[in-house]
Amino acid sequence: MFRSISNTPIFRRLFLAFALAAVIPGIVISVLDGTYINALSGRGDAVHTSNRAFKIVTTEQANLQHMHADLLALHSTTLANTGESGLNNPNMAKSLNDEILSLERDFNQKSQEVQQNYQINMSPNMSNIRSILTNDDPGSTLASDQQSILTTVMTQQWPDYKKALNNELQALQTKRPDHTRAHTILIQAMQAYTPLENSWTKLVDTMEQVGDLIATIGPSQTNFIVLATVIAILGTALVVITIGYVANLTITRPLRELAMLTKRIAR
């Protein structure tokens with residue numbers, strides 16, 4: 001290889017050496033830029049997913065509170081309609097009943113969506129977030145906390161509250177509601193609501209902490225960029241040194257030998 005290079009005119013060899021010394025670092029910088037952009041894109045996707053999950057859980061927290069408030073209002077309105085006070089507002093009772101059923105369906109659907117699509121330890125579309133949490137804070141319990149809360153809510157607390165809620169709606173829909181039975185079921189619904197609301201609040205807090213951690217530039221990003229930069233610098237230096245070595249072998253050393261030969265001839 002060195003023989004073929006030595007047969008090339010010096011101008012071409014110098015031109016090729018300078019061209020390689022200029023182009024290769026540019027290629028390395030371009031690759032490094034692409035790597036950095038991909039890292040930022042992955043972080044951006046994780047932030048977007050986290051924000052979407054946080055929006056769902058906060059919205060459903062408000063819907064849960066609204067649903068329970070409607071249940072209390074429906075209880076009071078329905079029993080007032082059948083009491084001695086003579087109040088009669090069936091339209092309000094029907095509106096509250098329909099709104100409760102709508103909020104119940106929505107909460108049931110969205111809570112399942114959170115469990116299936118936004119559970120950090122299980123959901124495929126949370127893989128970026130899972131990776132960031134593992135790299136930035138290996139001792140973090142946010143993922144396990146979220147899983148524990150969702151499991152408790154979906155397998156115990158929400159079914160218990162939904163059962164009491166539907167029993168109360170059925171008790172209030174009769175022509176002559178039994179006040180004692182309606183009160184008893186309402187108390188059961190309130191007892192089931194409190195732990196459910198507390199757990200969902202903890203879920204909201206957990207997802208907020210996840211979002212804050214994802215939005216913060218951590219070791220998972222800085223370490224990767226530093227490593228890529230070091231590799232790029234070392235790779236560029238190696239290429240430049242190699243070009244200089246080849247130029248020395250094929251240009252500088254033959255010229256030095258020629259100069260020495262010329263001096264001997266002169267002497």
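**Exercise 1. Which residues of the largest nonpolar core touch the most other members?**

Solution. The model examined here is a predicted one. Start with the membership: the largest nonpolar core holds 45 residues, and those that touch the most other members are Leu64, Met67, Leu71, Trp158, Tyr161 and Trp200. Next, ask where the core residues come from: helix H2 (10-81), helix H3 (90-117), helix H4 (127-136), H5 and helix H6 (179-215) each supply at least two of them. As background, nonpolar side chains in soluble globular proteins tend to be buried together. Finally, take leucine 64 as an example: once residues up to four places away in sequence are set aside, leucine 64 touches Phe107, Trp158, Tyr161, Tyr193, Leu196, Glu197 and Trp200.

**Exercise 2. Describe the overall make-up of the protein.**

Solution. Begin with the secondary structure, where seven helices and zero strands are found, so that the pattern read along the sequence is α-α-α-α-α-α-α. Then turn to burial: of the 267 residues in the protein, 32% are buried. Last, consider the contacts with a separation of 6 or more, of which 81% are between residues 24 or more positions apart.

**Exercise 3. Check the length of H3 and list its buried residues.**

Solution. The 28 residues of H3, at 1.5 Å a residue, should span 40 Å, and because the end C-alpha atoms are 40 Å apart, the two values agree. The buried residues of H3 are Ala93, Leu96, Asn97, Ile100, Leu103, Glu104, Phe107, Ser111 and Val114. When reading such a list, it helps to recall that an α-helix has 3.6 residues a turn, so residues three or four places apart point the same way.

**Exercise 4. Work out how three pairs of helices are arranged.**

Solution. Two packed helices are described by the angle between their axes and the distance between the axes.

- Take H3 and H5 to begin with: they pack at an angle of about 165°, with their axes 12 Å apart. Angles over 145 degrees count as roughly antiparallel, and H3 and H5 are therefore roughly antiparallel to each other. Their crossing is left-handed. On the H3 side the contact includes Asn97, Ile100, Glu104 and Phe107, while on the H5 side it includes Leu150, Met154, Trp158 and Leu165.
- Continue with H5 and H6, whose axes come within 8 Å and cross at roughly 155°. H5 and H6 are therefore also roughly antiparallel to each other, and the crossing of this pair is left-handed.
- End with H4 and H6, whose axes come within 10 Å and cross at roughly 75°. That angle makes H4 roughly perpendicular to H6. Here Ile129, Ile132 and Leu133 in H4 meet Val210, Leu213 and Ile214 in H6.

**Exercise 5. Is glutamine 157 buried or exposed, and what is it in contact with?**

Solution. First place the residue: glutamine 157 is found in helix H5, which covers residues 142-173. Its relative accessible area is 11%, and because buried means under 20%, glutamine 157 is buried. Beyond its neighbours within four places in sequence, glutamine 157 is in contact with Thr152, Pro195, Leu196 and Ser199.

**Exercise 6. Describe the surroundings of alanine 53.**

Solution. Alanine 53 lies in helix H2, and at 2% relative accessibility it counts as buried. With neighbours within four places in sequence left aside, alanine 53 is in contact with Tyr118 and Met207. For a distance along this part of the fold, compare alanine 53 with asparagine 117: the two are 64 residues apart along the chain, and their C-alpha atoms are separated by 8.7 Å.

Key:
Residues are numbered from 1 along each chain as its sequence is written. This is a predicted model: local features need pLDDT of at least 70, side-chain atom pairs count only at pLDDT 80 or more; totals for chains, interfaces and linings use all residues. Side-chain values use heavy atoms; hydrogens and water are left out. Helices (H or I, at least four residues) and strands (E, at least two) are DSSP runs, numbered from the N terminus. Buried means under 20% relative accessible area, exposed over 50%, partly exposed in between (1.4 Å probe, protein chains only). Contact means heavy atoms within 4.5 Å. A nonpolar core is a set of buried Ala, Val, Leu, Ile, Met, Phe, Trp, Tyr and Cys residues joined through side-chain atoms within 4.5 Å. The expected span of a helix is 1.5 Å times one less than its number of residues. Axes are lines fitted to C-alpha atoms, for helices over the stretch in contact, and angles run from 0 to 180 degrees between N-to-C directions. Angles under 35 degrees count as roughly parallel, over 145 as roughly antiparallel, 65 to 115 as roughly perpendicular and the rest as oblique. A crossing is left-handed if the near helix is turned anticlockwise from the far one by less than a right angle, and right-handed if clockwise.
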